[in-house]
Amino acid sequence: MTLHRARKRFGQNFLHDQRIIAGIVAAIHPLPKDHLVEIGPGMGAITQPLLDSGTRLDVVELDRDLIPILQQKLGSSARLKIHQQDALKFDFCSLAEAGEPLRVVGNLPYNISTPLIFHLLDQAHCIRDMHFMLQKEVVDRLAAAPGCADYGRLGIMVQSRCEVEQLFTVPPGSFNPAPKVDSAIVRLTPWDKPPVAIADQAQFAKVVAQAFTQRRKTLRNNLKGLIDAAALEALGIDPGRRPETLSLAEFAAIANRLV
Ligand code: SAM
């Protein structure tokens, strides 16, 4: 077997726990008619069982040293395409055929998971669903409800575009090398019909980012220059509230007022 030393700069923690791998594949439930894209296949821990399901699969891997290992292990399958590229710059929609949105999966490199999720949200129109392994703390933030300590910009931005389902927790011992923290599997499904109407995504993103510049301060303070207290009151939102108490609908109402 080819040996590969895990590289920290590529966020490499390889899954070896067969029970967890089977749980991830069962949660994805790939079918032969599906078109999957795996980000960071590594040495193929999830790739192999995904291929065994008969699905079409494109994989995007940055570390060029892993490509011959993947080719040796899986390269003979006509249903597999290996792309040696940076997922942060990858045009996922270029793989999608009309009317056949992609299913994106990956045990993501934790050091780039947030920018990668934002990159994928920009391409949500050609994605059916996403299943990711992330640090548990990040999954908690993705799924957090208003009023929770974990609720903030990341959760609001993702929830405005996708349904978020926390699936299960994965302990450090399931990986080699073992990370220092717990991990978790999350399913993100882009909404067919979003729960709130957002007139302009860029304006919404700006309002949410500015509202959370100082978490302990009020909306009146954080949104200064964007919207004044009287306009917030006219929307039925008390300017003395803190950003983490606002619902998705309230953030959308503020952003839509500014378009
Ligand atoms: N899927 C494998 C597994 O579960 O054992 C490996 C997961 S490991 C946490 C993350 C993988 O993402 C590594 O193979 C790493 O080389 C790859 N990676 C890191 N940065 C990347 C990037 N920008 N684009 C694509 N792949 C990347």
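User: In this predicted model, how does the lining of the second largest pocket divide by class?

Analyst: The lining of the second largest pocket has five nonpolar, five polar and two charged residues. Its members include Lys8 and Lys180, and Lys counts as charged. Tyr110, Pro177, Ala178, Pro179 and Val181 are also in the lining, and these types count as nonpolar. By class, the split is five nonpolar, five polar and two charged.

User: How much space lies in the second largest pocket?

Analyst: Its lining includes Gly11, Gln12 and Asn13. Asn111 and Gln135 belong to that lining too. The space in this second largest pocket is about 260 Å³.

User: Which residues lie nearest the centre of the largest pocket?

Analyst: The largest pocket has a volume of about 630 Å³. Its lining takes in 39 residues. These divide into 21 nonpolar, twelve polar and six charged. Nearest the centre lie Phe14, Gly40, Pro41, Gly42 and Met43.

User: Which elements give two or more residues to the lining of the largest pocket?

Analyst: The lining of the largest pocket holds 39 residues. Two strands and two helices each give two or more of them. The strands cover 14-15 and 35-39, and the helices 18-28 and 47-52. By name, they are β1, β2, α1 and α2.

User: What is the volume of the largest cavity?

Analyst: A search of the whole structure finds one cavity of 30 Å³ or more. By class, its lining has seven nonpolar, three polar and no charged residues. The volume of this largest cavity is about 40 Å³.

User: Which elements give two or more residues to the lining of the largest cavity?

Analyst: The lining of the largest cavity includes Ile24 and Ile28, and α1 spans 18-28. Val105, Gly106 and Asn107 are in the lining as well, and β5 spans 102-107. His131, Phe132 and Met133 also line the cavity, and β6 spans 127-135. The elements are therefore α1, β5 and β6.

User: Which residues have the most contacts inside the largest nonpolar core?

Analyst: This core has 28 residues. Elements that each supply at least two of them include β2, β5, β6 and β9. Phe132 also touches Ile39, Val104, Leu120 and Leu188, among others beyond four places in sequence. The residues with the most contacts inside the core are Ile39, Phe92, Phe132, Leu134 and Val158.

User: Which residues of helix α4 are buried?

Analyst: Helix α4 covers residues 113-121. What covers its buried residues includes β2, β5, β6, α5, α6 and β7. Buried here means under 20% relative accessible area. The buried residues are Ser113, Leu116, Ile117, His119, Leu120 and Leu121.

User: Is Glu137 buried, partly exposed or exposed?

Analyst: Glu137 sits in helix α5. Its relative accessible area is 45%. Buried means under 20% and exposed over 50%. Because 45% falls in between, Glu137 is partly exposed.

User: What separates the C-alpha atoms of Glu137 and Asp150?

Analyst: Glu137 belongs to helix α5. Along the chain, Glu137 and Asp150 are 13 residues apart. Their C-alpha atoms are separated by 8.4 Å.

User: How far apart do the C-alpha centres of domain 1 and domain 2 lie?

Analyst: The domain assignment gives domain 1 as 8-190 and domain 2 as 201-257. Their contact takes twelve residues from domain 1 and 14 residues from domain 2. The C-alpha centres lie 32 Å apart.

Notes:
Residues numbered from 1 in each chain as written. Predicted model: local features only at pLDDT ≥ 70, side-chain atom pairs only at ≥ 80, totals over all residues. Heavy atoms only, no water. 1 Å grid on protein atoms, 1.4 Å probe; cavity = no way out; pocket = protein on both sides within 12 Å on 5 of 7 lines; lining within 4 Å. Points joined across faces, edges and corners; volume = space filled by probe spheres on them. Helix = DSSP H or I, 4+ residues; strand = E, 2+ residues; numbered from the N terminus. Buried < 20%, exposed > 50% of the residue type's maximum accessible area, 1.4 Å probe, protein only. Contact = heavy atoms within 4.5 Å. Core = buried A, V, L, I, M, F, W, Y, C linked by side-chain atoms within 4.5 Å. Domains from an automatic or database assignment.
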